[in-house]
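Student: Please take a close look at the largest cavity in this structure. What lines the largest cavity, by class?

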Amino acid sequence: MTHSMQKGSNIPVTAVAVRAVLRWTGGPEVPDVDASALLVGPDGRVRSDEDFVFYNQPRHPSGAVWRLGKKQLGDAITDAVQADLRSVTPGVDRILVVASAEDVPFHRVRDLRILLYDASPGGSSDPLAYFDVRPETGAETALMCGELYRRGEGWKFRALGEGYSNGLVGLATDHGISVDENAAEAEAQPAAGPTSEQTAAMAPPTQAPPAVQPAYGYPQPVSPAPVPGPGGDPTFRLPVQGPQFIRR
């Protein structure tokens with residue numbers, strides 16, 4: 001039986017593995033939507049930046065949560081996150097399933113729905129539940145669509161539909177990740193190099209001015225290790241424009 005869920009409602013989850021699928025209708029004016037997951041403790045905060053599973057960090061080190069990637073199904077597009085609930089470490093109390101749209105408001109995303117499937121071997125192809133996610137204001141650029149959470153010895157799933165107008169930055173900050181946007185933007189800038197006139201002036205008079213080498217300045221990938229922030233919180237650099245953030 002497939003449950004049609006309302007905002008705030010919940011259902012028990014008996015499957016040992018589940019797949020949360022975000023689905024929306026594509027189109028020329030519809031922004032690209034990405035699915036991600038946050039693994040948080042009882043205090044609602046991550047333990048380190050490794051607890052943020054997204055397109056540049058697609059698998060949690062525990063192997064319990066990972067992204068499956070996008071698919072085109074007719075007019076619909078999907079992006080999905082899968083979780084093996086048996087492998088989730090005891091320190092994780094909830095797994096938040098998030099949709100983000102790269103600073104484009106969600107009023108331009110059509111027919112957004114989250115569907116929960118049994119991903120256990122032999123699980124049904126029919127969803128366990130679905131929830132039509134409707135932004136409250138339309139200005140949100142990141143939405144918490146649903147959450148898997150512990151209840152006693154088992155798990156439950158709750159429909160959320162709560163949003164952030166400041167995107168993944170606001171959502172990540174609210175869950176204990178200190179986002180260093182300025183440093184990330186600085187890394188994305190090309191390295192400065194001398195002009196051709198400066199290079200010529202530095203060359204010995206008896207030599208022809210050497211050719212100026214282009215300053216490519218491609219940034220190196222951000223290290224996955226957390227950098228201590230204020231109060232010991234991990235500092236996490238969200239993706240910036242640059243080669244290391246090209247999606248697979």
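Tutor: What follows deals with the cavity and its lining. This is a predicted model, in which local features need pLDDT of at least 70, side-chain atom pairs count only at pLDDT 80 or more, and totals for chains, interfaces and linings use all residues. Residues are numbered from 1 along each chain as its sequence is written, and side-chain values use heavy atoms, with hydrogens and water left out.

A search of the whole structure finds one cavity of 30 Å³ or more. A cavity here is a set of points, on a 1 Å grid over the protein atoms alone, where a 1.4 Å probe fits but cannot get out; lining residues have an atom within 4 Å of a point. The volume is the space filled by probe spheres set on the points, which are joined across faces, edges and corners. For the largest cavity this space is about 30 Å³.

Val18, Ala20, Val81, Gln82, Ala83, Ile95, Val97 and Leu148 make up its lining. By class, seven of the lining residues are nonpolar, one is polar and none is charged. Ala, Val, Leu, Ile, Met, Phe, Trp, Tyr, Cys and Pro count as nonpolar, Asp, Glu, Lys and Arg as charged, and the others, Gly among them, as polar.

At least two lining residues come from each of β3 (17–25), β7 (76–84) and β8 (94–100). Strands are DSSP runs (E, at least two residues), numbered from the N terminus. The largest share of the lining, three residues, is supplied by β7.

How values were computed:
On a 1 Å grid over the protein atoms alone, a cavity is a set of points where a 1.4 Å probe fits but cannot get out, and a pocket is an open set with protein on both sides within 12 Å along at least five of seven lines; lining residues have an atom within 4 Å of a point. Helices (H or I, at least four residues) and strands (E, at least two) are DSSP runs, numbered from the N terminus.
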